[in-house]
Structure formats: structure tokens, C-alpha cells
Amino acid sequence: EFKQLVFSGVQPTGNLHLGNYLGALQKFVALQDVHECIYCVVDLHSLTATLVHEDLATQTRGIAAAYLASGLDPKKSIIFNQSRVPQHAELAWIFNCVARIGWMNRMTQFKDKAGKDRENASLGLLAYPSLMAADILLYRATHVPVGDDQKQHLELTRDIAQKFNNDFSAKIAELGIGVDMQVGDEKVSGFFPMAEPLIDGPATRVMSLRDGTKKMSKSDPSDLSRINLSDDADTIAKKIRKAKTDPLPLPDNADELKDRPEAQNLVGIYAALSGQTSADILKEFGGRQFSDFKPVLADLAVTKLGPINGEMRRISADPAYVDSVLRDGGERAGAKAEETMKMVHEIVGL
Ligand code: ADP
Ligand code: NA
């Protein structure tokens with residue numbers, strides 16, 4: 001069996017929002033006390049959509065500061081940025097030669113991000129999932145906490161691992177470095193684990209505050225659609241007050257949230273921020289109007305996010321400290337990456 005190891009990453013593009021916090025960062029923090037964890041700022045990924053960035057290094061430090069402000073502890077977790085460990089790009093190249101073009105063409109995120117003019121999207125945007133697979137498998141990570149939108153990419157990561165394990169099975173056996181694992185009903189041996197996504201809890205897909213059918217995203221042109229981690233208390237309260245809802249009061253029963261995306265989203269956000277279940281929340285708020293619920297939700301959001309925002313500012317004011325965390329994390333990650341790549345070279349015959 002593979003040793004349990006958690007890996008995840010966030011791109012240094014624009015402001016982090018509540019969806020990133022609840023879908024990713026809050027979970028990263030909870031996991032660091034029970035698992036060995038590696039958290040990356042995936043700066044290479046941010047080149048796939050836009051090659052030229054205002055100030056990529058500052059944005060990278062900003063995500064690292066958000067990690068630290070959310071409670072990630074560099075003594076417990078490895079925190080670093082991707083481009084410091086060149087093996088990410090090297091393994092991605094090998095995976096580009098393992099993965100099939102058809103697999104990449106099927107990715108819904110590629111279709112969304114490339115838009116109509118697909119022929120003119122960068123090759124990097126198409127190959128993005130190969131680099132993501134490399135990020136994870138470079139450390140032979142077994143668990144990946146992400147939002148629901150990353151599910152398909154995780155499936156592709158497993159497809160790549162499985163094809164690599166199959167294609168090189170004889171060599172892996174000859175070198176005696178195969179690890180036994182359960183894949184479906186089968187017991188197999190391989191070099192890369194079948195990394196599992198950790199997608200659970202009430203906020204795996206936080207929706208836009210303006211449109212309950214769209215996920216909250218930093219690329220949404222409407223700033224009212226999302227709560228940024230950098231928003232002050234008044235802004236958070238205003239955005240929640242203006243959040244779109246249907247005209248009915250809150251239901252008594254969580255089942256009745258199913259066909260009410262806006263209501264479900266706000267209750268889900270409350271649940272994720274408070275650690276309560278939707279049922280508990282509806283016990284208190286069922287039958288009441290959103291005008292009653294929203295101010296309580298706003299207070300909760302301000303109480304949870306305010307201190308993180310303050311910490312982010314404090315930490316960002318000391319870029320040398322952030323750089324030292326990334327440098328140290330990069331060294332530790334790099335040592336692990338080197339070990340894996342030594343074996344990958346032997347397997348592939350490089
Ligand atoms: P974005 O999707 O906003 O461009 P990233 O791709 O960098 O942000 O995502 C960082 C992490 O945040 C990923 O694990 C992603 O699944 C998660 N995430 C992004 N948006 C949401 C959302 N609306 N709800 C829950 N998780 C999300
Ligand atoms: Na995303």
C-alpha cells in the first residue's frame with residue numbers, strides 16, 4: 001500500500017474567494033493535523049490561460065500568505081510554489097506522452113476556458129491536466145482535497161497513473177519497485193497510486209451569489225457574485241444582503257432545498273462556515289425570511305473571514321518571510337521530487 005499523502009494546489013491568479021476557501025483552504029488546514037500534506041502554489045498553471053501577468057511573483061506570495069493566514073503551518077505542511085521544483089514540468093512532459101489527445105479534448109474545463117476559438121487556445125491550456133497529474137504523482141500523493149470542479153481532472157490523473165503503470169509494468173516489476181494497491185475489484189501493483197479526490201462537506205461547489213446555477217469564480221465579471229477573502233466587513237455584508245434568493249421563506253427540511261439553488265447555496269455556506277449541518281440550521285431558520293437569515297450569515301462570514309483577512313495583510317507586509325517559507329518548502333518538496341524522478345528515469349529508460 002502507498003503511504004497516505006495529501007497534495008493540493010491553488011493558482012496565483014487574482015483574488016481568492018469564499019469558494020476557494022471553503023472548497024480548498026479550509027480543508028487543507030483540517031487535513032494537516034492528521035496527514036502528511038504538501039500544498040503548492042501552482043504558478044506554472046497560471047501561464048496556461050494568460051502568459052503575461054502583472055506581477056506573478058507578488059500573486060504567488062499572495063496565495064502563500066492566504067495559506068498561512070488560513071492556518072497552514074509550515075512546520076506541519078510543505079508549502080511551496082511549483083516553479084521552484086522543475087521536476088513538475090519534467091514529469092508533465094512524460095505524462096503528455098502517456099495521455100491521449102482525446103482524453104484532454106473531453107475536459108469540460110478546457111471547453112469552458114477555451115471558448116469557441118478552441119484552435120487558438122494555448123497548447124498548455126489543453127495539456128493542463130497532465131501538469132496537474134504530475135503535481136500530484138510527483139509525490140505519489142494518495143489524497144487530493146479539491147472543489148467539485150476538479151473531479152474530472154482527478155479522474156484523468158488516475159487514467160494517466162493507470163496507463164503508466166500498465167505500459168511499464170514489466171520494467172516496474174523488474175526493478176522491484178511496484179506497490180500493491182486495490183483498483184476496483186482487482187489487486188494490482190504499480191508505481192503511481194490511484195489518487196483519490198477528497199470532495200465532501202456542504203461547500204464542495206459554492207455558487208455565485210448572483211446566479212445559483214454558476215459556480216463562484218474569480219473569472220466572473222461581477223464582483224457582487226463572490227466574496228473575496230480580501231473584502232472588508234461592510235463589503236461582505238453588502239454582498240450577502242444583495243445575494244439573489246427566491247421569494248419563499250427558508251424551508252423546514254433540507255430536502256426542500258434541492259430545487260432552490262440560491263437557498264441551498266446560502267445554507268451550504270452557513271453550514272461550511274459554522275460546522276453545523278443544514279438540518280441544524282433549518283431547525284433554527286426554517287419558516288423565516290431571508291431578510292432574517294442574511295444578517296446572521298453576514299455576521300458569521302465576517303467573524304470567520306475577518307481575522308484571515310487581517311492575517312493576510314500582516315503576512316503580506318513581510319514578503320521576505322513568505323519567500324523564506326516558499327524556499328524552505330521548495331527544498332523539502334524538491335528532495336522528494338528527485339527521489340521519484342530517479343525511479344521514473346529508470347522505469348522509462350532515460
Ligand atoms: P478558480 O476555480 O476560482 O479559478 P482555482 O482553479 O485556483 O480557482 O481553484 C482553487 C481551488 O478552489 C480548487 O480546489 C477548486 O476546486 C476550488 N474551488 C474553486 N472554485 C470553487 C467553488 N466555487 N466552490 C468550491 N470550491 C472551489
Ligand atoms: Na478551478
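Trainee: Which residues come nearest to ligand 1?

Mentor: This is a predicted model. There are 17 residues around ligand 1. Those that come nearest are G19, G23, V146, G147 and V206.

Trainee: Which helix gives the most to the shell around ligand 1?

Mentor: The shell divides into five nonpolar, eight polar and four charged residues. Four residues of the shell come from one helix, residues 18-32. That helix is α1.

Trainee: Which helix gives the most to the largest nonpolar core?

Mentor: The largest nonpolar core has 95 residues. I38, A64, Y67, I79, L137, I269 and A301 touch the most other members. The top helix gives ten residues to this core and spans residues 290-316. It is helix α12.

Trainee: Where does this core lie relative to domain 1 and domain 2?

Mentor: Domain 1 covers 5-202 + 319-348, and domain 2 covers 223-315. Both give residues to the core, so the core lies between them.

Trainee: Which residues is Y67 in contact with, leaving aside its neighbours within four places in sequence?

Mentor: Y67 is among the core residues that touch the most other members. Beyond those sequence neighbours, its contacts are L25, Y39, L72 and I79.

Trainee: What is the radius of gyration of the protein?

Mentor: The protein has 13 helices and seven strands. For 350 residues the globule rule gives 20 Å. The model's value is close to that, so the protein is as compact as a globular protein of that length. The radius of gyration is 21 Å.

Trainee: What share of the residues in the protein is buried?

Mentor: The count runs over 350 residues. Buried residues make up 42%.

Technical notes:
Residues numbered from 1 in each chain as written. Chains lettered and ligands numbered in written order. Predicted model: local features only at pLDDT ≥ 70, side-chain atom pairs only at ≥ 80, totals over all residues. Core = buried A, V, L, I, M, F, W, Y, C linked by C-beta atoms within 7 Å. Buried ≥ 20, exposed ≤ 12 C-beta atoms within 10 Å, placed from the backbone. Helix = DSSP H or I, 4+ residues; strand = E, 2+ residues; numbered from the N terminus. Domains from an automatic or database assignment. Contact = placed C-beta atoms within 7 Å. Near = placed C-beta within 6 Å. Nonpolar A, V, L, I, M, F, W, Y, C, P; charged D, E, K, R; others polar. Rg over C-alpha atoms; globule rule 2.2 N^0.38 Å.
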